[in-house]
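This report walks through one protein chain for a reader who has the coordinates open. It moves from the overall layout to the sheets, the cores and some local details.

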Amino acid sequence: MRFSKLFIPTLKEIPADATVASHVLLLRAGFLRPLAAGIYSHLPLFRRVMLKIEAIVRAEMDRIGAQEFRLPALHPAEIWKETGRWDVMGETMFRLTDRGGRSMGLGMTHEEIFTSIARGELRSWRQLPQVWYQIQTKFRDEPRPKSGVLRVREFTMKDAYSFDLDQAGLDRSFEDQRRAYGAIFRRCGLSFVAVDAHSGAMGGSASTEFMVRTDAGEDDVAACGSCGYAANVERAESRGAAAAAEPDPAARVLKKFATPGVRTIDDLAAPPYGQPAARQLKTLVYVADGQPVVAVVRGDDELNEAKLQTAAGAQLLRPARPEEISVSLGAHPGSLGGLYDPRRAGAPRLLVDASLRGLSGMVTGANEDGFHYAGVDVARELAHGAFADLRRVRTGERCARCERGKLDLFKALEIGHIFKLGTRYSAAMGARVLDPEGREVPIVMGSYGIGVERIAAAAVELHHDEDGIVWPLSIAPYQVTVVALQQQDPAVARAAEQLYDGLSAAGVEVLLDDRDERAGVKLKDADLIGIPIRIAVGKKSLAEGKVEYKPRGEPAAERIAPEEVVRRVQRALAEVSFVDALGGRRE
RNA sequence: CGGGGCGUAGCGCAGCCUGGUAGCGCGCCUGCCUUGGGCGCAGGAAGUCGGAGGUUCAAAUCCUCUCGCCCCGACCA
């Protein structure tokens, strides 16, 4: 294609409200334009990148026998009510009403829709397994769209669903997807980590997230440098910090004391109280599926809400409102504690962080405003509670899975997530088949998602420099750009045209910069847009019968004969095809 | 949802505090010049100052409301 005829609106200045690299560069280089908060138009260059990524996704899905569908984005409320997710999804789901007054929602994922097809058509174990997928626009009314294309309200997702007769079949389907995901991300030029993840509102048992390490990400990952254990901090486990030293026996005597005005852990740690945070019990009240739950962690630990949700077995979890806290515990935040009579009508369930097991001499609120207890023995006073892992791990803590490893925490961007759903959706929606013994059993399902725009954005986050984007060859909008440095010079223009024709004839995706612009402008744009291979044609090198070959990421150009260009380019492309054929592995 | 910031020409910004003819840079158009890293010179087009209401002789500027965008937070009791 000729640059002079394309719509590539590059920006010299940095857009004011872009903060992360991928956002800045995709706007500046003419790939994206915003329409509203978290809603972007894909310009021609971005469209090409998206199609490249989708092609890789399709190839790898097809390779494991998955079949492509195209399902509606507009869903009747009824089908979401069948699984209860019409309510669970809350405000995150875009909702509307049709002219007949029927409630509808815009699809944020497609478990219900695929399951409805499965229940209508799948009857026998002989039809299983089935693996179905689509690449569709998803809508999510995020509370806070941000970071350009990283967290948006309308985006493209590859979502796949597996339907198996039993758990063993699901295990195989899950493994197929795990391998396919690795191949997809490697082929897209992304280094990633697969981590244990929290299943959240999707439900189900095992789940693995595919994460790209970048500060632009919104998740925190804990990884062990020794054994390879990696988990989203939402569910990462550690051996924790060492338990606080055993206090003297006198401190085991329960004693109530006045703490007027004390509101926080810090207040109590400061004079005149001087109770170190590590000796305090932090008490938090939540509402889990409508029921109050009290969670207790050590004063210097943070509660991990995802872990609490899991421990409480809740679909929906939120912090309790102030008035709910007063009703549950009889006091206001600042004086809350786990010491209450569990037999009292309406007494909330108590969950205690497992790291507190056996500790005594602790300090906690007395559930009476302005009073705390000292000398709290967890085994004695919190006996009515259940222990569970509730605390957020911290960097440097010992790995829970191996002997000498330490956990490293870092920011990461989620680009894919695979779940073992089990029978949650099939049971709720009546998707059953007859097994070989003639019994009717619910289909065992898995669900597997990839964020397509996020792959593109992650590639930019990982591969850019101060001049612009450095696209991986596999997903670049064009593979090669031929830049005519002096378009007015007939010899230069002719040489550039010949290279363009030669490369095009060889099947290379090439962008010819034939604009009547100064060399500086063209070279700046070429760097900004990030085409992997640049062939510069100019008077100087042409005088020696040469043109300049320069991979985008390399510092220097190489002068080669024009006749060499096609061969050089093909050699670079062949390397990528070779790697692609191996599922992204360089072997 | 809580907090903060910002809406002035296509883009980036100044002007607002202290009311009085709407400005700068980039981009765009024309001409000359230049031609290997976002040239130079000259001329030009382009803005209901996000919207509504109010105060005032007079509002981009002050007041009220509203819409939009960005950032931080949304366990830390």
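## Domains and overall layout

The domain assignment splits chain A into domain 1 (21–237 + 408–461), domain 2 (249–388) and domain 3 (478–581). These bounds come from an automatic or database domain assignment. The model is predicted: local features need pLDDT of at least 70, side-chain atom pairs count only at pLDDT 80 or more, and totals for chains, interfaces and linings use all residues. Residues are numbered from 1 along each chain as its sequence is written, chains are lettered from A and ligands numbered from 1 in the order in which they are written, and side-chain values use heavy atoms, with hydrogens and water left out.

The C-alpha trace of chain A spans about 95 × 65 × 55 Å along its principal axes. Chain A holds 16 helices and 31 strands. Both are DSSP runs, numbered from the N terminus: helices are H or I with at least four residues, strands are E with at least two. Of the 587 residues in chain A, 53% are buried. Buried means under 20% relative accessible area, exposed over 50%, and partly exposed in between (1.4 Å probe, protein chains only).

Contacts are heavy atoms within 4.5 Å. Among contacts in chain A with a separation of 6 or more, 69% link residues 24 or more positions apart. Between domain 1 and domain 2, 9 residues of the former touch 7 residues of the latter. The C-alpha centres of domain 1 and domain 2 are 37 Å apart.

## A three-stranded sheet

Strands of a sheet pair through backbone hydrogen bonds, either parallel or antiparallel. Here, 3 strands form an open sheet in the order E4-E6-E5, with antiparallel pairing. Strand E4 (74–76) and strand E5 (95–97) are the edges, each pairing on one side only. Neighbouring strands of this sheet are turned by 35° against each other on average, direction ignored. Axes are lines fitted to C-alpha atoms, for helices over the stretch in contact, and angles run from 0 to 180 degrees between N-to-C directions.

Strand E6 (residues 103–106) runs antiparallel to E5 and is joined to it by 3 bridges. Two strands count as paired if DSSP finds at least two bridges between them. In this pair, Leu 96 sits opposite Met 104 of E6.

## Enclosed elements: E29 and H12

Strand E29 (residues 533–537) has 5 of its 5 residues buried, so it is largely enclosed by the rest of the structure. Ile 533, Ile 535 and Val 537 point one way; Arg 534 and Ala 536 point the other way. E29 pairs with strand E27 (residues 480–484) in the parallel sense over 5 bridges. There, Ala 484 faces Val 537 of E29. E29 also runs antiparallel to strand E30 (residues 547–551), with 4 bridges between them. In that pairing, Ala 536 stands opposite Glu 548.

Helix H12 (residues 452–462) is largely enclosed too, because 10 of its 11 residues are buried. The buried set includes the charged-name positions Glu 453, Arg 454 and Glu 461.

## Nonpolar cores

A nonpolar core is a set of buried Ala, Val, Leu, Ile, Met, Phe, Trp, Tyr and Cys residues joined through side-chain atoms within 4.5 Å. The largest one has 64 residues, and Phe 31, Met 61 and Trp 471 have the most contacts inside it. Helix H2 (residues 44–63) gives the largest share, 8 residues. Domain 1 and domain 3 each supply at least three residues to this core.

Which residues does Trp 471 touch, leaving aside those up to four places away in sequence? Among them are Leu 26, Phe 31, Val 49, Ala 456, Val 460, Ile 529 and Pro 532. A second, separate core of 25 residues includes Leu 71, Ile 113, Leu 421 and Met 445.

## Cysteines and backbone details

A search of the whole structure finds 0 disulfides, taken as pairs of cysteine sulfur atoms within 2.5 Å. For Cys 402, the nearest cysteine sulfur is that of Cys 224, 3.7 Å away. Cys 402 is buried at 13% relative accessibility.

Most residues other than glycine have a negative phi, and most peptide bonds are trans. A cis peptide bond joins Leu 128 and Pro 129, with omega about -5°. Pro 129 lies in the loop between helix H5 (111–121) and strand E7 (130–139). Ser 147 has a positive phi near 55° and sits in the loop between E7 and strand E8 (154–164). Asn 367 also has a positive phi, about 55°.
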